Amino acid sequence: MRTVSARNLLDVDDVTRTELSALLDRAAAFKRDGATRSLLAGIPVLNLFFEASTRTATSFTLAEQRVGADIISFAPGTSSLGKGETIADTALTLHGIGVRVIVVRHPESGFARRLADAFEGHVINAGDGAHAHPTQALLDLMTLRDEFGGFDGLRVAIVGDIRHSRVARSNIVGMTMLGIDVTLVGPPTLLPAAMARAGVRVSRDLDAVLPEVDAVMMLRIQHERIDSSLLPALDDYTRNYQLNRSRLRALKAKSVILHPGPYNRGIELTDDALADPRSRYKAQVENGVFVRMAVLDHLVNGAAVPA
Ligand code: CP
């Protein structure tokens, strides 16, 4: 087996820049050539979703099937965590039973890390609170690379509720690793100025940013994580930050529109934006299966890393 730098994927920076590129190459190869079911044959993979999911849960299951894993689906509500068993004891038990990979989603930031600290196999973070969602960032990066052939000189705007978005956080990590120029756009309550850092700008002016970028990623307001005092008036929000028909005219003809889903039609974007030929939502969800196959293969076999 080749050496891999990390046992887990808790955020994008668990892999090096080289590994990140190799993961995207591997995902592209799966998309082009398919995969054999022998890659994870006989490896028990547990999907542990404490929070609702459509895209991530479904595409992990399909990815696991395509690489031949033994899939265990588990409803956390019926687990012994509810009887007071600690995460550490649960992790010990699951490993003892034979589970080798856990895919976990949880509403608490840091839960995936706590589980990984106690589990001897591999943990893949499928979204923890507002902290990280690395496989979403990978599928977004794959979609951008499919579109533009690479990342050189690429400019991306991420728009909306950045403060509560694990998708934004993981994308900022991945995009800056790859040299993408990132502009975050949103109102002060949903986008603290402190989120600006090397390679990342903050703007309040979507109309000024839109004509400059190659891709715009629209985010929904994360009502399930938000303190109501931070919620902007909806009219103000849509007037200033909604991707609508008039703003679509400002976007370059060759730009693309991304959205991690689920979307709230009529809030962060209109039906026109979703129907626009520059929308890549379908490509994003399709790519989700391939990047998740690549992550499973990478962690278990080290197969994404060049020899
Ligand atoms: N993008 C995303 O994480 O969607 P789900 O919540 O449906 O998994």
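**View 1. The cavity of the predicted model and the residues that line it.** In this predicted model, the structure holds one cavity of 30 Å³ or more. About 30 Å³ of space is enclosed in the largest cavity, and its lining is made up of Leu23, Leu24, Ala27, Leu138, Val291, Ala294 and Val295.

**View 2. The ligand in its pocket between two domains.** The ligand sits in the largest pocket, where the residues that surround it are Ser53, Thr54, Arg55, Thr56, Arg105, His133, Gln136, Pro260 and Gly261. Sorted by character, this shell around the ligand comprises one nonpolar, six polar and two charged residues. Because domain 1, which covers 4-133 + 286-301, and domain 2, which covers 134-281, both give residues to the shell, the ligand lies between them.

**View 3. Polar atoms of the protein beside oxygen atoms of the ligand.** On the backbone side, a polar backbone atom of Thr54 lies 2.8 Å from an oxygen atom of the ligand, and a backbone N or O atom of Arg55 is found 2.9 Å from an oxygen atom of the ligand. Arg105 takes part through its side chain, in which an N or O atom is 2.8 Å from an oxygen atom of the ligand. The ligand taken alone would expose 260 Å², and the protein buries 92% of that area.

Notes:
Residues are numbered from 1 along each chain as its sequence is written. This is a predicted model: local features need pLDDT of at least 70, side-chain atom pairs count only at pLDDT 80 or more; totals for chains, interfaces and linings use all residues. Side-chain values use heavy atoms; hydrogens and water are left out. A residue is near a molecule or strand if one of its heavy atoms lies within 4 Å of it. A polar contact is a pair of N or O atoms within 3.5 Å; within protein, one must be able to donate a hydrogen and the other to accept it, and residues adjacent in sequence count only if both atoms are side-chain atoms. Accessible areas come from the Shrake-Rupley method with a 1.4 Å probe; for residues, only the protein chains shown count as cover. On a 1 Å grid over the protein atoms alone, a cavity is a set of points where a 1.4 Å probe fits but cannot get out, and a pocket is an open set with protein on both sides within 12 Å along at least five of seven lines; lining residues have an atom within 4 Å of a point. A molecule sits in a cavity or pocket if more than half of its atoms lie within 2 Å of its grid points. Ala, Val, Leu, Ile, Met, Phe, Trp, Tyr, Cys and Pro count as nonpolar, Asp, Glu, Lys and Arg as charged, and the others, Gly among them, as polar. Domain bounds come from an automatic or database domain assignment. Grid points are joined across faces, edges and corners, and a volume is the space filled by probe spheres set on the points.
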